[in-house]
Amino acid sequence: MYDAIVIGAGPAGLQAALTLGRMHRSALLLDSGEYRNGTVLHMHNVIGNDGTPPAEFRATARAQLGAYDDVEIRDVRAEGVSGTEGDFTVTLADGSTAAGRNIILATGVVDELPEVDGLSALWGTRAFACPFCDGHEHAGKPIAILGGAARAAHLIGLLGRIVSEITVVPVEETFTPEEVASLESLGVRVSDSGVVSVSSADSGVVVHTADAERAVAGVFIASGTMRQRAPFAAQLEVRMLDSGAIEVDDFGRTSAPGVFAAGDLAHRAALPGPMAAVMVAATAGQLAAVGVIQSLLAAEH
């Protein structure tokens, strides 16, 4: 019986396992090999690791976890979780099971991109969502923003001082005259027609619309949604937020005793949504591990 089973081995899960290991609490870390930034070549805005490939970051973290006898890592996907605080069972893809007193969900989310031909092939390399992660690399270059007017305006506010030129291209419907006027007042171009497809060209992207082709350095997405990568939130019946994320408190506790969540799949109710950032996810993993330790101490005394 592990003190905690950590499901997911991105930044949140890796940090949670490290914190548990340093406190000599037995932890099983389950790594499915699926990561939100799995297609990303370099991660940014991570102090000490700015520009590091995510795969290298994960490999370094796993190697460092090898120094802790209380941490076990298994490269296997979790398929189901059941039980209650103090007695959880995780069913694994290899047919085995594992038992834990607590569960930390760190499986992350899946980005559901708008249905634009060619977009998924560019995701994480030439098509992005986060200006904090990928805006600086487009400094002084032209970009396109694909999506709705309201979210496009938010991205313009963040990227306008970084890039040389912005063209906003609708994804599903053309903008209203009022939306066009509002966007143009921000100093950007607005396409008359929606995006049909995107393709790579040299070191950039070509955005194809019904009446034009525009070569840009990269595209940022102002539409699309995210969903839970795994079914465990539903299986454990934890409370969800309107954002589609799991509701947690400051220490990653969910509404189900003994179940904690960390990373992009969860956030506090006071926030409008999760912040997709490696540092934030790792911090959430550490706090969730501390929450587990607090729970264990309370049970032991």
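This report describes the overall form, the nonpolar cores, the salt bridges and one surface patch of a predicted protein model.

## Overall form

The protein chain of this predicted model contains eight helices and 20 strands. Taken along the principal axes, its C-alpha atoms fill a box of roughly 65 × 35 × 35 Å. The radius of gyration of the protein chain is 21 Å, which agrees with the value near 19 Å that a compact globule of 301 residues would have.

Of the 301 residues in the protein chain, 48% are buried. The area that the protein chain exposes comes to about 14300 Å², and carbon and sulfur atoms supply 50% of that area. When contacts between residues at least 6 apart in sequence are considered, 59% of them join residues at least 24 apart.

## Nonpolar cores

The largest nonpolar core is made up of 27 residues, and those with the most contacts inside this core are Ile 5, Ile 7, Leu 30, Val 90, Ile 103, Leu 105 and Ile 246. Several elements each supply at least two residues of this core, among them strand S1 (4-7), strand S4 (78-84), strand S5 (87-92), strand S7 (103-105) and helix H7 (232-236).

Ile 7 gives a view of the surroundings of one such residue: leaving aside its neighbours within four places in sequence, Ile 7 is in contact with residues including Leu 30, Ala 78, Val 81, Val 90, Ile 103, Leu 105 and Phe 232. A second core, separate from the largest one, has 24 residues and includes Ala 9, Leu 14, Tyr 68 and Ala 288.

## Salt bridges between distant parts of the chain

The count of salt bridges comes to 13. In one of them, Arg 62 is paired with Asp 31, and the closest N and O atoms are 2.8 Å apart. This pair links distant parts of the chain, since Arg 62 belongs to helix H2 (residues 54-65) while Asp 31 lies in the loop between strand S2 (27-30) and H2, with 31 residues separating the two. Arg 62 counts as partly exposed because its relative accessibility is 26%, whereas Asp 31, at 4% relative accessibility, counts as buried.

Another salt bridge brings together the side chains of Asp 264 and Arg 36, at 2.8 Å from N to O. Here too the pair links distant parts of the chain: Asp 264 is in the loop between strand S19 (259-261) and strand S20 (266-267), Arg 36 is in the loop between S2 and H2, and the two are 228 residues apart. With a relative accessibility of 13%, Asp 264 counts as buried, while Arg 36 counts as partly exposed at 28%.

## A further pair and a network

Glu 72 and Arg 74 also form a salt bridge, in which the closest N and O atoms are 2.9 Å apart. Glu 72 counts as partly exposed at 30% relative accessibility, and Arg 74 is partly exposed as well, with a relative accessible area of 24%. Elsewhere, Asp 31, Arg 62 and Asp 75 are joined into one network by salt bridges that share partners.

## A nonpolar patch on the surface

On the surface, Phe 132, Met 275 and Val 280 form a nonpolar patch, and together these residues have about 290 Å² of accessible area. Phe 132 is located in helix H4 (residues 131-134).

Notes
Residues are numbered from 1 along each chain as its sequence is written. This is a predicted model: local features need pLDDT of at least 70, side-chain atom pairs count only at pLDDT 80 or more; totals for chains, interfaces and linings use all residues. Side-chain values use heavy atoms; hydrogens and water are left out. Patches are made of residues with over 30% relative accessible area and no salt bridge: like charges are joined within 9 Å, nonpolar side chains (Val, Leu, Ile, Met, Phe, Trp, Tyr) within 5 Å. Accessible areas come from the Shrake-Rupley method with a 1.4 Å probe; for residues, only the protein chains shown count as cover. A salt bridge is a side-chain nitrogen of Lys or Arg within 4 Å of a carboxyl oxygen of Asp or Glu. Helices (H or I, at least four residues) and strands (E, at least two) are DSSP runs, numbered from the N terminus. The radius of gyration is taken over C-alpha atoms; the globule rule is 2.2 Å times the number of residues to the power 0.38. Buried means under 20% relative accessible area, exposed over 50%, partly exposed in between (1.4 Å probe, protein chains only). Contact means heavy atoms within 4.5 Å. A nonpolar core is a set of buried Ala, Val, Leu, Ile, Met, Phe, Trp, Tyr and Cys residues joined through side-chain atoms within 4.5 Å.
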